[in-house]
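Open your viewer, switch to a cartoon view, and keep the selection box handy. We will go stop by stop, with something to pick and something to look for each time.

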Amino acid sequence: MKHAITGEVKDIIELVLRYRQLVPGASTTNESELAAFIAYSISFPSGFLALVDTYNTLKSGILNFEVVALALHELGYKAVGIRLDSGDLAYFSTIARSMFKDLSNQFNVPYFEQFKICASSDIDEDVLHSLSSQGHEIDIFGIGTNLVTCKGSPALGCVYKLVSINGQPRLKLSNNISKVTIPGRKEAYRLIGHQGPVLDLLIEVGAESPKVGESIYCRHPFDEKKRCIVKPSTVEKLHHLVWDGKIVEGALKSLDAIKDYCKSQIDSLRPDYKYHTNPTVYKISISSNLYEIFHQLWLKESPVEEII
């Protein structure tokens, strides 16, 4: 990568790896996140603002940002800052600012203290008041959903997340458990009993599909104590391909057909799932094998905290 002023070519990866050994705690960060940050910085050396909560905000994300920022500095560029998108925003921003000050002092680069700290994650006026009362170091607030969506007609948050690269399962980790993704390509099935739908089951692509009348072991994605065995009277496949480089013939339905299907699915649920107040939560489970894939990858990609 060329120096911004002199044009001298240096290996940014070598620079990052060198600084990784110099920044306290950075040698054990998540390597795939670090690789992504390096690639991002090469494409946007003057606009490097990193989302730091993919794996672990304090033990990986901020540290990986710092070592890449140091490499960019040596190449004549200034990184912009970080974005926090989950967890305790006030606490994380305060710790981040402290880490930036320590970095500035260690390497004698004054502007490191002023890295921008951006915050998002369903921010509304109540969150802003709470942050003000707690005290924080946030410079920029990213307000989207609650800025453009009426409270009386809440938004359905839908986000695309990468789940596989070249056939290898990938996942997103987060300080908010609801933002952790289940890795790998999956198929979805609805297991239906004599009183209607029991739960929806996710299995990995290529695994044996659930069968009517067979006992199926279903696990909660996150809570190992929650599991059950379902013997369905009907199994409905929920995942159907509609796009494979082009629209699959016959896959798209009319709006009226979609509306009718949606209504029929709601009508099939037990009344307690449809209560306006305190409804029963409909269960989404994963297969035992997918559970093992998920949690082994989770442990592999989570930085091990060193306590001194």
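How do α1 and α2 lie to each other? They are oblique (angles under 35 degrees count as roughly parallel, over 145 as roughly antiparallel, 65 to 115 as roughly perpendicular and the rest as oblique). Before you select them, note that this is a predicted model, in which local features need pLDDT of at least 70, side-chain atom pairs count only at pLDDT 80 or more, and totals for chains, interfaces and linings use all residues. Residues are numbered from 1 along each chain as its sequence is written, and side-chain values use heavy atoms, leaving out hydrogens and water.

**Stop 1: α1 and α2**

Select residues 12–22 for α1 and residues 31–43 for α2. Helices (H or I, at least four residues) and strands (E, at least two) are DSSP runs, numbered from the N terminus. Two packed helices are described by the angle between their axes and the distance between the axes. Here the angle is about 135 degrees and the axes are 11 Å apart. Axes are lines fitted to C-alpha atoms, for helices over the stretch in contact, and angles run from 0 to 180 degrees between N-to-C directions. α1 passes α2 in a right-handed crossing; a crossing is left-handed if the near helix is turned anticlockwise from the far one by less than a right angle, and right-handed if clockwise.

Now show side chains. Ile12, Ile13, Val16 and Arg20 of α1 meet Glu31, Leu34, Ile38, Ser41 and Ile42 of α2, where contact means heavy atoms within 4.5 Å. By class, this contact has 6 nonpolar, 1 polar and 2 charged residues. Ala, Val, Leu, Ile, Met, Phe, Trp, Tyr, Cys and Pro count as nonpolar, Asp, Glu, Lys and Arg as charged, and the others, Gly among them, as polar.

**Stop 2: add α3**

Add residues 57–74, which are α3. The axes of α1 and α3 come within 8 Å and cross at roughly 125 degrees, so this pair is oblique. α1 passes α3 in a right-handed crossing. On the α1 side, pick Ile12, Leu15, Val16, Arg18, Tyr19 and Arg20; on the α3 side, pick Val67, Val68, Leu70, Ala71, Leu72 and Glu74. The classes in this contact are 9 nonpolar, no polar and 3 charged.

Next, hide α1 and look at α2 with α3. They pack at an angle of about 35 degrees, with their axes 10 Å apart, and their crossing is right-handed. Glu33, Leu34, Phe37, Ile38 and Ser41 of α2 meet a set in α3 including Ser60, Asn64, Phe65 and Val68. The residues of this contact divide into 7 nonpolar, 4 polar and 1 charged.

**Stop 3: the parallel sheet**

Which order do the strands of the parallel sheet take? Its 4 strands form an open sheet in the order β1-β2-β3-β4. Two strands pair if DSSP finds at least two bridges between them. β1 (49–51) and β4 stand at the edges, each with a single partner strand, so one side of each has no neighbour in the sheet.

Walk across it:

- β1 to β2: 3 bridges join them, and Ala50 stands opposite Ile82.
- β2 (81–84) to β3 (116–119): they pair over 4 bridges, and Ile82 stands opposite Ile117.
- β3 to β4 (140–141): 2 bridges join them, and Ala119 stands opposite Phe141.

Now bring back the helices that link these strands. β1, α3 and β2 make a right-handed β-α-β unit, and so do β2, α4 (89–107) and β3. The chain then crosses from β3 through α5 (125–134) to β4, again right-handed. A crossover is right-handed if, with the strands pointing away from the viewer, the path from the first strand over the helix to the second runs clockwise.

**Stop 4: the mixed sheet**

Finally, move to the open sheet of 6 strands in the order β10-β9-β12-β8-β7-β11, with mixed pairing. β10 (227–230) and β11 (234–237) stand at its edges. Neighbouring strands are turned by 35 degrees against each other on average, direction ignored. Zoom in on β9 (216–219) and β10, which pair in the antiparallel sense over 4 bridges; the bridge partner of Arg219 is Arg227. Then select residues 288–301: this is α8, which packs on the sheet and touches β7, β8, β9 and β12. The direction of α8 makes about 85 degrees with that of β12.
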